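Here are some short exercises, each with a worked solution. Look over the sequence and the structure, then try each task before reading on.

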Amino acid sequence: MKATAIAPSNVAFIKYWGKKDVTLRLPENGSLSMNLSGLTSTTTVEFHADYWEDFIEINGVREENKGSRVVLHLDRVRESAGIKEKAKVVSVNNFPSDTGLSSSASGFAALTVAAAAAAGSTFTEKDLSILARQGSGSACRSIPDGFVEWLDGVTSETSYGVSLHPSNWWDIADVVAVVNEGKKSVSTTKGMEFVTTSPFFPVRLARIKEKLMKVKELLAQKRFVPFGELIEAEALEMHAVMLTSTPSLMYWTPGTLRVMKSVKKWRDEGMPVYFTMNTGQDIHILCESKTVDELKSKLADADGVRDIIVNKPARGAHLIQDHLF
Ligand code: DP6
């Protein structure tokens, strides 16, 4: 059977950085994110008895099967669904990969939903989120709709994403400034291995539950300014842990830093905008919808910004009818 799914990437307001179980991808802490309407992966999967090996094509490029995270993920789905057939997988992103825009979140969420449907088995949203998490942790947050909390859990069964609010809950936007100065040199999975070497990591963990509660409260009350202040500080805290790990991880480029400084300047001039970043140079700027046009025109004039992608809160991964092959 053949099935196709589309899934959004997501931006984390409370970040996932550190695993307490590497194989199962159980995070050290719970996290919270918003699905992004403008950054999506679309994936078609077909299982068929005629295929003698898995065939994987991502963004027009054939992927090696040896050591492939996609093949490992297909194996998980095959095992859950009780099937043995090999698969053909074709996937496309509508945005650059490996520059900090979380293509593994959208990619593994779309792969999970498409493969589960193609395997002909019924999975609940929770089952799909648990499966997606094992492909890439942040992918579990791209399964449910809108604003999503990833419950950290102590077992595989208790670690998954749940929707806190639907996508129309809050009229905010995530405006991405694509700096695009090359791909990141250390993958997220690799970078996370060093987290416990940072002397600041225990400090972060000791405060994170309280911070997560606070962000949830501000999101529920739709109080944009304190919300923005908190999520910007959270991004900087995660990067402080990265910078002080051994080896030190510095994901920013001069372009990232220029945009960060501009955001602070624009805020001082009265525009309520706040940044957050992940493991790459591209930068997410959060604002209320009424501020998007002003922000876009400022970014259009900013040095080194190659592209601007405006995202609204979006629904989670779902099946669509248009197959890629
Ligand atoms: C910095 O989900 O890409 O974007 O589980 O190893 O695939 P793996 O990691 P991944 O990590 C995302 C980390 C982050 C923060 C976040 O999205 O919460």
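**Exercise 1.** Check the length of helix 1 (residues 69-81) in this predicted model against its expected span.

*Solution.* Start with the residue count: helix 1 has 13 residues. Next, take 1.5 Å a residue, multiplied by one less than the number of residues. That gives an expected span of 18 Å. Now compare: the end C-alpha atoms of helix 1 are 18 Å apart, so the two values agree.

**Exercise 2.** Find the buried residues of helix 1 and work out how they are arranged around its axis.

*Solution.* Use the cut-off first: buried means under 20% relative accessible area. In helix 1, Val 70, Val 71, His 73, Leu 74, Val 77, Arg 78 and Ala 81 are buried. Then look down the axis of helix 1: these buried residues fall within an arc of 160 degrees, so they line one face of the helix.

**Exercise 3.** Describe the shell of residues around the ligand.

*Solution.* Begin with the count: 18 residues surround the ligand. Tyr 16, Ser 136, Gly 137, Ser 138 and Thr 189 come nearest. Sort the shell by type: five residues are nonpolar, eight polar and five charged. Then sort by element: helix 4 (residues 188-192) gives the largest share, three residues.

**Exercise 4.** Which side chains place an N or O atom 2.7 Å or 2.8 Å from an oxygen atom of the ligand?

*Solution.* At 2.7 Å, the side chain is that of Ser 136. At 2.8 Å, the side chain is that of Arg 141. As for cover, the ligand on its own has 460 Å² of accessible area, and the protein covers 97% of that area.

Definitions and conventions. Residues are numbered from 1 along each chain as its sequence is written. This is a predicted model: local features need pLDDT of at least 70, side-chain atom pairs count only at pLDDT 80 or more; totals for chains, interfaces and linings use all residues. Side-chain values use heavy atoms; hydrogens and water are left out. A residue is near a molecule or strand if one of its heavy atoms lies within 4 Å of it. A polar contact is a pair of N or O atoms within 3.5 Å; within protein, one must be able to donate a hydrogen and the other to accept it, and residues adjacent in sequence count only if both atoms are side-chain atoms. Accessible areas come from the Shrake-Rupley method with a 1.4 Å probe; for residues, only the protein chains shown count as cover. Helices (H or I, at least four residues) and strands (E, at least two) are DSSP runs, numbered from the N terminus. Ala, Val, Leu, Ile, Met, Phe, Trp, Tyr, Cys and Pro count as nonpolar, Asp, Glu, Lys and Arg as charged, and the others, Gly among them, as polar. Buried means under 20% relative accessible area, exposed over 50%, partly exposed in between (1.4 Å probe, protein chains only). The arc is that of the directions from the helix axis to the C-beta atoms.
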